[in-house]
Amino acid sequence: MASQRRRSSATAVFLLLSLLLLLQSAAAYPQGKRQNVAVFWGRNKAEGSLSSICDSGDYNIVIISFLSVFGHGKYWLDLSGHDLRDVGADIRHCQSKGVYMLLSIGGDGDQYSLPSSKSAADVAESLYYSVLGGDRPGAFHPFGDDTIVNGVDFFIDSGPADHYDDLANRINDYNQNIRDPIGIMLTATVRCSYPDPRMKAALDTKLFRRIHVRFYDDATCSYNHAGLAGVMAQWDRWSATYPDGQIFLGLVAANVTGKNDMVGVGELRDKLLPAVQNTDTYGGVMLWNSYYDSLTHYGRYVKDLA
């Protein structure tokens, strides 16, 4: 009974926070043009705590990464050594500051896939009852009984493409049980070259409100290698296919992999951002990742430009 009361309290808080987020957005951006900066957190223990990331004021969306094992009856959260006992309180702290909190599934590992529609249904059910507000006795809540995230990000970078459309539909079905005005947010993080074959069927459900396009790790469409024309050729294809979604410009926050993909602030300010901001689908900037940003403080500049 105590667990159920805590879960009901968490749901009530989530509803209030969602309403607050909605009202803040409407008041500050009456034309619906809220400036968004998202960042991935959980890739390096040296990046700092989740609460410190939110306290920086550099981001209004934080994507916790990754739920890296799923689809075969097993689940595993890989947060690079961060203590899960601290994460729940930090999520609630971030939400109290108006920061959207998403949980990203997938990553660059090979321990996830959806071999059947039933496995997609099982993963959706697990997500709903563990982190999305569902109330079921005995459910495991990795962030604690009183902590709920605002949505799920699909970062499907390995394995077959099968049944991610089923997973999106199943998660969306749970929105009928969500009473807040925003509901469970679905986002996707994809490779920049259109289409991303692993996410094409899922994105074609049109259930994803935001698409983070990674304009790095691919010389054919990263700014420093392909130039503005190369970026815009792919941006326009994503925009044309998903005109009702918000497209995020995915950027790497440091040059630490030897690929020289980090866009200089001057180039970003004077050329790249004006070009994408001149399109109807521009939604904001996504940064990979908070550890890289802790080395360069790139996000401090991006937030004033995005």
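In the predicted model, R269 is partly exposed, with a relative accessible area of 43%. R269 takes part in a salt bridge with D270, in which the closest N and O atoms lie 2.9 Å apart. A second salt bridge involves E267 and K271, with 3.8 Å between the closest N and O atoms. Both E267 and K271 belong to helix α8, and because they are 4 residues apart in this helix, about one helical turn separates them. E267 has a relative accessibility of 31% and counts as partly exposed; K271, at 43%, also counts as partly exposed. Helix α8 itself spans residues 265–277.

Over the whole structure, the search finds 13 salt bridges. Side chains of opposite charge can pair when their charged atoms come close. One such pair is K200 with D204, where the closest N and O atoms are 2.6 Å apart. K200 is partly exposed at a relative accessible area of 28%, and D204 is partly exposed at 35% relative accessibility. In addition, a network of salt bridges links D157, R191 and R214.

Helix α8 also forms part of a β-α-β unit. Strands β8 and β9 run parallel and are joined by 6 bridges. The chain passes from β8 through α8 to β9, and the crossover formed in this way is right-handed. Within this strand pair, V252 is placed opposite W288 of β9. Strand β9 pairs with β1 as well, in the parallel sense, over 4 bridges. Here A38 stands opposite M286 in β9. Strand β9 is mostly covered, with 7 of its 7 residues buried. In a regular strand the side chains alternate between the two faces of the sheet.

Helix α10 comprises residues 298–305, of which Y298, G299 and V302 are buried. These buried residues lie on the same side of α10, because the arc they cover around the axis is only 85°. The elements against which they pack are β1 (36–41), β8 (246–252), α8 (265–277), β9 (282–288) and α9 (290–296). The packing partners of α10 thus include β8, α8 and β9, the elements through which the right-handed crossover runs. They also include β1, the parallel partner of β9 over 4 bridges.

Two cis peptide bonds are described here. The bond from W288 to N289 is cis, with omega near -5°. W288 is the residue of β9 opposite V252, whereas N289 is placed in the loop between β9 and α9. The peptide bond from S65 to F66 is likewise cis, its omega being near 0°. F66 is located in strand β2, which covers residues 61–69.

Positive phi values are found in residues other than glycine. K206, which is not a glycine, has a positive phi of about 65°. K206 is in the loop between α6 (200–203) and β7 (210–214), and with a relative accessible area of 55% K206 is exposed. D217 also has a positive phi, near 65°, and is a residue other than glycine. The location of D217 is the loop between β7 and α7 (223–241). D217 is partly exposed, with a relative accessible area of 45%. The cut-off for an exposed residue is over 50%, and therefore K206 at 55% is classed as exposed, while D217 at 45% is classed as partly exposed.

F140 is placed in the loop between α4 (117–131) and β5 (151–156). The relative accessible area of F140 is 62%, and the residue is exposed. When neighbours within four places in sequence are left aside, F140 is in contact with Y129 and S130. Y129 is 11 residues from F140 along the chain, and the C-alpha atoms of the two residues are 7.8 Å apart.

Key:
Residues are numbered from 1 along each chain as its sequence is written. This is a predicted model: local features need pLDDT of at least 70, side-chain atom pairs count only at pLDDT 80 or more; totals for chains, interfaces and linings use all residues. Side-chain values use heavy atoms; hydrogens and water are left out. Helices (H or I, at least four residues) and strands (E, at least two) are DSSP runs, numbered from the N terminus. Buried means under 20% relative accessible area, exposed over 50%, partly exposed in between (1.4 Å probe, protein chains only). Contact means heavy atoms within 4.5 Å. The arc is that of the directions from the helix axis to the C-beta atoms. Two strands pair if DSSP finds at least two bridges between them. A crossover is right-handed if, with the strands pointing away from the viewer, the path from the first strand over the helix to the second runs clockwise. A salt bridge is a side-chain nitrogen of Lys or Arg within 4 Å of a carboxyl oxygen of Asp or Glu.
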